[in-house]
Structures are given as structure tokens and as C-alpha cells.
Amino acid sequence: MFVVDNRQPIDDIELPENLEPIRLLGHGSMASVFLARDRVLKRLVAIKLLRPELCDIDKSRKRFIREGQAAARLSHDAVTTVYSVGGIDKARPYIEMEYIDGPNLEELLQSRGPFEVSEACSLLAQVASALVAAHEQNIVHRDVKPANILVENATGDATLTDFVVAAI
């Protein structure tokens, strides 16, 4: 489960110098996602940080880094673009990726209810296209669910995210 909190500010999160933390976007079982400003690229980005209690678990660190590498191999409009994968003091890995301004599909369904058939078909077609692109790179997402599909406020476009349990 992924919990979203658009109000919580960041107190003492440590990020590379080029990234200015703005606020917590949400957190799941393996990671927290923050909104940040990339001072060099001059744009908003999402920073996914492995939860501190998992940083000492080698399997968790490798799985997290593999997610970033898998997603970075994909270039598709309906897949979150990964800009970089790194580590803070070589202890806490992070993934810098495209910021999608909008809720995930689970939240959207809860707040507004069912979609019209044409809207649902459009979203599903976009996600299916993202999955085809992933499969062409020998990547199987393995966790497709409404919470892992972001819907952009401005366009209504769907973006598949969270490749943490992907099989490569």
C-alpha cells in the first residue's frame, strides 16, 4: 500500500546538493517519494528514497537499484522517466525521476468513482502500451495495480510507475 500526503513538509531529508527537497508525496513499504527541485535541470522531480530501515539489507538495496535501472531502460510516454539512480553517502539509494502532477488511479477512483467507458479504455490502452514497451525490453512489471498508475492532472494521461518487483 502506498500512502500519499501532499501536506507534510520535509524536515531533515538528505539529498544530493543539486536537489532541493520540497515535500513528502507519499510512502510505501520499501520507499518514500518526495517532490524536489533539481537546481541544475531547473525542474520539479520526484525522488524515491529507500526507507532507512531497509538500507542495511543488501537484498532490499539491490532490488531498489534494480528498479531504477529497469525503469531507466524504458523510453515511453506512459512510463515514468528515470533521470538518475544514486546513493546518499553510499548508504541510502535514491531514484530521481519525472514528477507527475496528479493522483494515482486508486485515489482517483476513490474520490470520483467509476470512469466512463471511453475514459477507462483510454487509460487502459496507455498502460497496456507501457507494458508492451517493458516486455520488449524483457522487463515484467509484476505489480500493475491502480496505486502504481499515475494520472496527470493537466492531461488525464496515465503513467505506469514503481518497477520495484519487476523481473528482468
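Here are four short exercises, with worked solutions, on a predicted model.

**Exercise 1. The main core**

Find the residues with the most contacts inside the largest nonpolar core, and say which elements build this core.

*Solution.*
- Step 1: Start with the count. The largest nonpolar core has 35 residues.
- Step 2: Pick out its best-connected members. L50, L74, L105, L123, I139, I149 and F163 have the most contacts inside the core.
- Step 3: Map the core onto the elements. Strands β3 (31–38), β4 (43–50), β6 (92–98), β7 (149–151) and β8 (158–160) each give two or more residues, and so do helices α1 (58–72), α2 (105–112) and α3 (117–136).
- Step 4: Look for the largest share. Helix α3 supplies it, with four residues.
- Step 5: Zoom in on one member. Leaving out residues up to four places away in sequence, L105 touches F115, L123, P146, I149 and V151.
- Step 6: Check for a separate core. Another one, of eleven residues, lies apart from the largest; L19, F34, A36 and L49 are among its members.

**Exercise 2. Strand β4**

Is β4 largely enclosed or open, and which strands pair with it?

*Solution.*
- Step 1: Count buried residues, using the cut-off of under 20% relative accessible area. Six of the eight residues of β4 are buried, so the strand is largely enclosed by the rest of the structure.
- Step 2: Take the pairing with β3. The two strands run antiparallel and are joined by eight bridges. One of the partner pairs is A36 with V45 of β4.
- Step 3: Take the pairing with β6. It is also antiparallel, over five bridges. Here K48 stands opposite I95 in β6.
- Step 4: Recall a rule for strands. In a regular strand, side chains alternate between the two faces of the sheet.

**Exercise 3. The turn**

How many residues lie between the strands in the hairpin of β3 and β4, and which residue takes a positive phi?

*Solution.*
- Step 1: Count the residues between the two strands. There are four.
- Step 2: Look at the backbone angles in this hairpin. K42 takes a positive phi near 55°.

**Exercise 4. The cavity**

Describe the largest cavity by volume, lining and residue class.

*Solution.*
- Step 1: Count cavities. The structure holds one of 30 Å³ or more.
- Step 2: Give the volume. The largest cavity has about 60 Å³.
- Step 3: List the lining. It consists of E67, A71, V79, T80, V82, I95, M97, L160, T161, D162 and F163.
- Step 4: Assign elements. Helix α1 and strand β6 each give two or more residues to this lining.
- Step 5: Sort by class. Seven lining residues are nonpolar, two are polar and two are charged.

Technical notes: Residues numbered from 1 in each chain as written. Predicted model: local features only at pLDDT ≥ 70, side-chain atom pairs only at ≥ 80, totals over all residues. Heavy atoms only, no water. Core = buried A, V, L, I, M, F, W, Y, C linked by side-chain atoms within 4.5 Å. Buried < 20%, exposed > 50% of the residue type's maximum accessible area, 1.4 Å probe, protein only. Contact = heavy atoms within 4.5 Å. 1 Å grid on protein atoms, 1.4 Å probe; cavity = no way out; pocket = protein on both sides within 12 Å on 5 of 7 lines; lining within 4 Å. Points joined across faces, edges and corners; volume = space filled by probe spheres on them. Nonpolar A, V, L, I, M, F, W, Y, C, P; charged D, E, K, R; others polar. Pairing = 2+ DSSP bridges.
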